[in-house]
Amino acid sequence: MRRPRPSDKSPRAATRRDPRAAPAPQARGDGPSPARRAAIDLLGQVLGEGRLLSEALAGPRVAALAPEDRAAAQRLATSVLRELPRADAVLAPFLRKAPPLRVRNALRLATLEIARGGAAHGVVNDAVAIVAASKKTEGFRGLANAVLRQVAEAAPDLDALPVPKLPGWLRAPLVAAWGRADVAAMERAHLAGAPLDLSVKDDAAGWAARLGGTVLPGGSVRLATQGQVSALEGYDEGAWWVQDAAAAWPVRMLGDVGGLDVLDLCAAPGGKTLQLAAGGARVTALDASAGRMARLEENLARTGLAAEIVVADALTYEGGPFDAVLLDAPCSATGTIRRHPDLPHARQGEGISELIALQAQMIDAALARVAPGGRLVFCTCSLIPDEGEVQVEEALARHPGLVVEDVLPEGADPAWRNATGGLRLRPDRWAAAGGMDGFYMACLRVPG
Ligand SMILES: C[S@@+](CC[C@H](N)C(=O)[O-])C[C@H]1O[C@@H](n2cnc3c(N)ncnc32)[C@H](O)[C@@H]1O
């Protein structure tokens, strides 16, 4: 659908900000905005060095920024990564050959800002100043200025351009698994981004009313705002925690966990540990990463919930047995692209075979910790069946007597059930209500 504007040809049309645009970054003194400069650095690290945005954001250059500049840089870089092919399509007629990556990224950022209604003058000046500031790119200052003035004049309509496609390394296996039409629907969901979902300790309806959100089937609270999370009512008192609606379903596969001994294997930063503890389980939370477990402990302290903390390797841990084990195994995280559009750009599919092998080993280790007759919920936030459905099929073949429980938690859509007996969630499900992350989950019962 075309974005309404006063006159299609007027360059001034681009001065009306699109509500989806990242807020205009603040200038400091005479130089370009630190947020724009940092956003271009971040894009260079993701697109040139294959680093994830989360890794690049932890780097010294961005960490040294004021919090509001850091947040703005992240928003700007994220918006470029989400619509990168569109920016390149707008720029293509004005470029005879591709300039160096840093210049391209400055042009991409400025193009998207202009197209989403940013004030062209300030956006162009900043981009040109950032290009001119480096010895390696100063020779492209004139080109950047000329190209961006033409972009502003053209007042591009991004929404008239095709929805960006996933890169081939990921698109090919997803098309093979789900078909072209469904992958196209996932790509539309990736472009739309993600709302802010919360899991609440109790009184979902009350918190939805207080925060201006809605209660989703299953009980997550979905907010329309994307503001500063820690400033929202209820954060300090620990009444809720941020957790995508899809990520809240694996714990619900266990039903009432009150009084059960549950091992949360691969627990950090703890969204599912908090759910289990809030449900009355005695939780042992285990993860190999001490740093991520520190975040889990902070989350427990804020919410006033309790769990035993174990920093250990899931493959060698010998505790238990437990009534139930939840294994949220490390995976490609391809179900989270709505929130992490850097992932398909920073990665090329490397490491996925190793992750698949690790997941199988982890399933075997997790089953060894389940009491006779107890349950294992296995889940991954991946869209690739080899990290979900296939893992369960292979586990059933390796473990005679293991069965998949036919579980459909209250509020779950029967359409999510698949042939393995697990639930398949995808970003294009609940599309009208704002979508959800991709996830696969299954509840396995060990022999008694
Ligand atoms: C998908 S994340 C878990 C998210 C968490 N369940 C939640 O809901 O917040 C996967 C976790 O597996 C952990 N991990 C990776 N390899 C591990 C291993 N061999 N043993 C234990 N934890 C491991 C990582 O540190 C990471 O925190």
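This briefing describes nonpolar cores, a helix and a strand pair in a predicted model. Local features require pLDDT of at least 70, side-chain atom pairs count only at pLDDT 80 or more, and totals for chains, interfaces and linings use all residues. Residues are numbered from 1 along each chain as its sequence is written.

**Nonpolar cores**
- The largest nonpolar core (buried Ala, Val, Leu, Ile, Met, Phe, Trp, Tyr and Cys residues joined through C-beta atoms within 7 Å) has 117 residues, of which Leu42, Ala127, Leu327 and Phe378 touch the most other members.
- Domain 1 (11–160) and domain 2 (244–445) each supply at least three residues to this core; the bounds come from an automatic or database domain assignment.
- Apart from neighbours within four places in sequence, Ala127 is in contact (C-beta atoms, placed from the backbone, within 7 Å) with Ala106, Leu107, Leu109, Ala110, Ala144 and Leu148.
- A second, separate core has eight residues, including Leu170, Leu174, Val183 and Met186.

**Helix 5**
- In helix 5 (residues 84–91; helices are DSSP runs of H or I, at least four residues, numbered from the N terminus), Leu84, Arg86, Ala87, Val90 and Leu91 are buried, meaning that 20 or more other C-beta atoms lie within 10 Å of the residue's own.
- These residues lie on the same side of helix 5 because they cover an arc of only 165 degrees around the axis, taken from the directions from the axis to the C-beta atoms.
- Their cover includes helix 4 (67–82), helix 6 (101–115) and helix 8 (141–154).

**Strands 6 and 7**
- Strand 6 (residues 282–287) and strand 7 (residues 308–311) run parallel, joined by four bridges; strands are DSSP runs of E, at least two residues, and pairing requires at least two bridges.
- Alanine 285 has isoleucine 309 of strand 7 as its bridge partner.

Methods. A residue is buried if 20 or more other C-beta atoms lie within 10 Å of its own, exposed if 12 or fewer, and partly exposed in between; C-beta atoms are placed from the backbone. Two residues are in contact if their C-beta atoms, placed from the backbone, lie within 7 Å.
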